[in-house]
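Colleague: Could you walk me through reading a fold like this one?
Modeller: Sure, have a look at it first.

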Amino acid sequence: MTAPQISFEFFPPKNLEASFRLWDTVQVLAPLAPRFVSVTYGAGGTTRELTRDAVATLHKSSGLNVAAHLTCVQASREETLAIADSFALAGVTDIVALRGDPPQGAGHFTPHPGGFANSVELIQALAETGKFAIRVGAYPDIHPEAASAQADIDWLKAKLDAGADEALTQFFFEAETFFRFRDACAKAGIDKQITPGILPIENWKGARNFARRCGTHIPAWVEDAFDKATRDGREDLLATAICTELCSELIDGGVDKLHFYTLNRPELTRDVCHALGVTPRVALQNVA
Ligand code: FAD
């Protein structure tokens, strides 16, 4: 099995303790030489300044290729593009461009009166600047707001045709889900990189709630296995085994890039990467 290329998602820290946790996460995962690391943008646009500061600091001090998430939520076009410009000024030219979700409890996405109406408009505007490499979200289990599976894929094609370079998927539990999606994308004429998003399950209850919120199908065998493992206090072992197995099946099916949702907890992601043959790359001069 050839070791895959990997990338990691972090979220911006909200306090000093969380800042240390993020830095620890970076220290543990950076030696695995990720393609890029990305920093999320809080739902409802809530972490605008934190995301900007976190990407700038990570870019300056980690030497990693950093991608900033950016959403259309609760901001005018000018404000959104000003944030993108602030990323570019800090040397960060990779953006994960999203429509975004509204603040919790606000129901459906409603565009800001002077804002981008949807992700395609945002992608077009970012692409027109010529400054950014653009990645977008994709949904192997179908986005809850999609009219149909085909409509979801047509919309993804529109996002890629608008100037995006790569799609990162929402997490899913079975490799077959990704393979079906990849085939349907190819059939729709999508020829850009589609990278599976992988969630190492640190906390089953949290992951299950998250999956339900974003429409990710939870197979019965996963529910059963975690229920038993939780009772036996062996959640960690099961999480590592399930995640490694999923990644191995994806690699066997031709996937060469994986994007890990780390939740700023690096151990499980690191263990899975090691099991897949992604090991630390230490420069000899740093060892001598
Ligand atoms: P879109 O793909 O634009 O829309 C979602 C779906 O709705 C589409 O797949 C399509 O089926 C349908 N749709 C929407 N508009 C139209 C239209 N005009 N015509 C037809 N169909 C339409 N959220 C955050 O708040 N912050 C983050 O940092 C963040 N990071 C993420 C990273 C990744 C890799 C992924 C997959 C998701 C992330 N999210 C984040 C969640 C994301 O904001 C939500 O899933 C949101 O509901 C959709 O955003 P999107 O850009 O994928 O939307």
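What follows goes from overall shape to the nonpolar core.

Modeller: This is a predicted model, where local features need pLDDT of at least 70, side-chain atom pairs count only at pLDDT 80 or more, and totals for chains, interfaces and linings use all residues. Residues are numbered from 1 along each chain as its sequence is written, and side-chain values use heavy atoms, with hydrogens and water left out.

Colleague: How many helices and strands are there in the chain?
Modeller: Helices (H or I, at least four residues) and strands (E, at least two) are DSSP runs, numbered from the N terminus. Here you get 11 helices and 8 strands. The radius of gyration (over C-alpha atoms) is 19 Å, close to the 19 Å from the globule rule (2.2 Å times the number of residues to the power 0.38) for 288 residues, so the chain is as compact as a globular protein of that length.

Colleague: What share of the residues count as buried?
Modeller: Buried means under 20% relative accessible area with a 1.4 Å probe, protein chains only. In this chain, 48% of the 288 residues qualify.

Colleague: Which residues touch the most other members of the largest nonpolar core?
Modeller: Such a core is a set of buried Ala, Val, Leu, Ile, Met, Phe, Trp, Tyr and Cys residues joined through side-chain atoms within 4.5 Å. This one has 81 residues, and Phe8, Leu70, Leu126, Leu156, Leu250, Leu258 and Phe260 touch the most other members. Helix α9 (residues 235-252) gives the largest share, 8 residues.

Colleague: What does Leu126 touch?
Modeller: Contact means heavy atoms within 4.5 Å. Leaving out residues up to four places away in sequence, Leu126 touches Leu70, Leu81, Ala84, Ile95, Ala97, Phe132 and Ile134.

Terms used. Buried means under 20% relative accessible area, exposed over 50%, partly exposed in between (1.4 Å probe, protein chains only).
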